[in-house]
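Student: Could you take me through the sheet in this one, up close? I'd like to know how the strands are arranged and what packs on them.

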Amino acid sequence: MDVDAIRRAAAGVADQIHVLERVAAIGHERTVVFTGMGSSYDACYPASTYLAAEGIAAPMHDAAELLHFRLAALGAGDLLVLVSQSGESAETAGVARALRERPAAAPTIVTVTNGTGN
């Protein structure tokens, strides 16, 4: 276990607490949809499960599946959480791009990456 990495991650979260509080306020009355690829997708499970147990709809969709088959299901009232270690995953970035370019109103998008510059 890399204790220094855990400390850096904790410090990074502490620096972003104001953002997390805003996301919590936005997501409380919306469907919160999680997406990512590989281990980033796997990282969505705890949050999705916790929110569902609290009565908040929080489905997970693989980013490729969402990009190619399920974008129409996302509306302006949803909160989409895009998870990507680098912020550059082709499918995850493609979801954000496709939602920006479509004529219908897009959901609120939150990104979770390994850094604030991603």
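**The sheet and its surroundings**

Tutor: Let's start with a helix: H6 (residues 90-101) lies across S1, S3 and S4, and runs at about 150° to S3. Keep in mind that this is a predicted model.

Now the sheet itself. It is open, with four strands in the order S2-S1-S3-S4, and the pairing is parallel. The edges are taken by S2 (60-62) and S4 (108-112); each has a single partner strand, so one side of each is left without a neighbour in the sheet. On average, neighbouring strands here are turned by 25° against each other, if you ignore direction.

For a closer view, go to S1 and S3. Strand S1 covers residues 32-36 and strand S3 covers residues 79-83, and the two pair in the parallel sense over five bridges. One spot to click on is Gly 36, whose bridge partner in S3 is Val 83. Helix H4 (residues 45-53) also packs on the sheet, where it touches S1 and S2, and its direction makes about 165° with that of S1.

How does that fit into the chain as a whole? There are six helices and four strands, and reading along the sequence you get α-α-β-α-α-β-α-β-α-β. Of the contacts between residues at least 6 apart in sequence, 77% join residues at least 24 apart. Buried residues account for 29% of the 118 in the chain. The accessible surface comes to about 7300 Å², and carbon and sulfur atoms hold 56% of that.

Two side-chain pairs are worth a look while you're in there. The structure holds one aromatic pair. The rings of Tyr 41 and Tyr 45 have centres 5.9 Å apart and planes at 80°, so this pair counts as edge-to-face. Tyr 41 is buried, at a relative accessible area of 17%, whereas Tyr 45 is partly exposed at 43%. The cut-off for buried is under 20%, so Tyr 41 falls inside it.

The other pair is a salt bridge, and the structure holds one of those. In it, the side chains of Arg 70 and Glu 65 meet at 2.4 Å, N to O. Both ends have some solvent access: Arg 70 is partly exposed with a relative accessible area of 36%, and Glu 65 is partly exposed too, with 29%.

Technical notes: Residues numbered from 1 in each chain as written. Predicted model: local features only at pLDDT ≥ 70, side-chain atom pairs only at ≥ 80, totals over all residues. Heavy atoms only, no water. Salt bridge = Lys/Arg side-chain N within 4 Å of Asp/Glu carboxyl O. Buried < 20%, exposed > 50% of the residue type's maximum accessible area, 1.4 Å probe, protein only. Phe/Tyr/Trp six-rings, centres within 6.5 Å; stacked < 30°, edge-to-face > 60°. Pairing = 2+ DSSP bridges. Axes fitted to C-alpha atoms, helices over the stretch in contact; angles between N-to-C directions. Contact = heavy atoms within 4.5 Å. Areas by Shrake-Rupley, 256 points an atom, 1.4 Å probe, with all protein chains shown as cover.
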